[in-house]
Amino acid sequence: MAGLAIRKLPLDLPATIVKHGGSVLWASMIYWIVSTLRPGWTPRRSGIAAAVVTTLTEVSQRYHLPALDAFRRTNVGALLLGRVFSLRDVLTYAVTVGAAVAIDEMIRTWPARR
């Protein structure tokens, strides 16, 4: 919802946030899903898995079949798979996943509060 709000609502955000904000939120979500589903994995391993998922999803946009392209033209298809391959998105995903790994490592090593 936040990613859609960034893109669709008149929030007067900087163009860079409007363009890449949804990608940052999506890559973060993928990392936290992987990390939650595999709690025994190290943050680095979860990060590698999330980077693979986000990169493969982006690269899949270079593969075209009529049925797949029709799905991508729907709102759900565009949200799940995207529409147009972008190397900038791959870079955004990598930076975001790296930041999520760093945050997760800080959370896991944070001293317990008493």
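**Helices, salt bridges and surface of an all-helical model**

At the start of helix α6, a side-chain oxygen of Ser 86 comes to within 3.2 Å of the backbone nitrogen of Arg 88. The model described here is predicted. Its secondary structure comprises six helices and zero strands. Along the sequence, the pattern therefore reads α-α-α-α-α-α, with helices counted as DSSP runs from the N terminus.

The overall dimensions come next. The C-alpha atoms fill a box of roughly 55 × 35 × 20 Å along the principal axes. The protein has 114 residues, and 29% of them count as buried. About 8100 Å² is exposed. Carbon and sulfur atoms supply 69% of that area. Contacts between residues at least 6 apart in sequence were also examined. Of these, 54% join residues at least 24 apart.

Helix α6 covers residues 87–109. At 1.5 Å a residue, its 23 residues should span 33 Å. The C-alpha atoms at its ends are 33 Å apart, so the expected and modelled spans agree. Several residues of α6 are buried. They are Asp 89, Val 90, Thr 92, Tyr 93, Thr 96, Val 97, Ala 100, Val 101 and Asp 104. The cover over these buried residues includes α2 (15–37) and α3 (43–59).

Asp 104 deserves a closer look. This residue lies in helix α6. Its relative accessibility is 4%; because buried means under 20%, Asp 104 counts as buried. Beyond residues up to four places away in sequence, Asp 104 touches Tyr 31, Trp 32, Ser 35 and Pro 43. With one of these, Tyr 31, the contact is also polar: the two side chains approach to 2.5 Å.

Asp 104 also takes part in a salt bridge. Its partner is Arg 108, with an N to O distance of 3.1 Å. Both residues lie in helix α6, four residues apart, or about one turn of the helix. An α-helix has 3.6 residues a turn, so residues three or four places apart point the same way. The two partners differ in cover. Arg 108 is partly exposed, at 39% relative accessibility, whereas Asp 104 is buried, at 4%.

The count of salt bridges comes to two. The other pair joins Arg 72 and Asp 69, whose closest N and O atoms are 3.1 Å apart. Side chains of opposite charge can pair when their charged atoms come close. Arg 72 and Asp 69 are three residues apart in helix α4, so about one helical turn separates them. Helix α4 runs over residues 66–72, and Arg 72 lies within it.

Arg 72 is a charged residue under cover. Its relative accessible area is 3%, so Arg 72 counts as buried. Its contacts beyond neighbours within four places in sequence fall on both sides of it along the chain. Before Arg 72 come Ser 60, Gln 61, Tyr 63 and His 64. After Arg 72 come Gly 77, Ala 78, Leu 81, Gly 82 and Arg 83.

Other residues lie at the surface. Leu 9, Leu 11, Leu 13 and Ile 17 make a nonpolar surface patch of about 330 Å². Of these, Ile 17 lies in helix α2. Ile 17 counts as partly exposed because its relative accessibility is 39%. The loop between α1 (2–8) and α2 contains Asp 12. Asp 12 has a positive phi of about 55°, although it is not a glycine. Its relative accessible area is 78%, which means that Asp 12 is exposed.

Val 52 is found in helix α3. At 43% relative accessibility, Val 52 counts as partly exposed. Its C-alpha atom was compared in position with that of Leu 25. The two residues are 27 apart along the chain, and their C-alpha atoms are separated by 16 Å.

Technical notes:
Residues numbered from 1 in each chain as written. Predicted model: local features only at pLDDT ≥ 70, side-chain atom pairs only at ≥ 80, totals over all residues. Heavy atoms only, no water. Helix = DSSP H or I, 4+ residues; strand = E, 2+ residues; numbered from the N terminus. Expected span 1.5 Å × (residues − 1). Buried < 20%, exposed > 50% of the residue type's maximum accessible area, 1.4 Å probe, protein only. Contact = heavy atoms within 4.5 Å. Polar contact = N/O pair within 3.5 Å; in protein donor to acceptor, adjacent residues only side chain to side chain. Patch = residues over 30% accessible without salt bridge, like charges linked within 9 Å, V, L, I, M, F, W, Y side chains within 5 Å. Areas by Shrake-Rupley, 256 points an atom, 1.4 Å probe, with all protein chains shown as cover. Salt bridge = Lys/Arg side-chain N within 4 Å of Asp/Glu carboxyl O.
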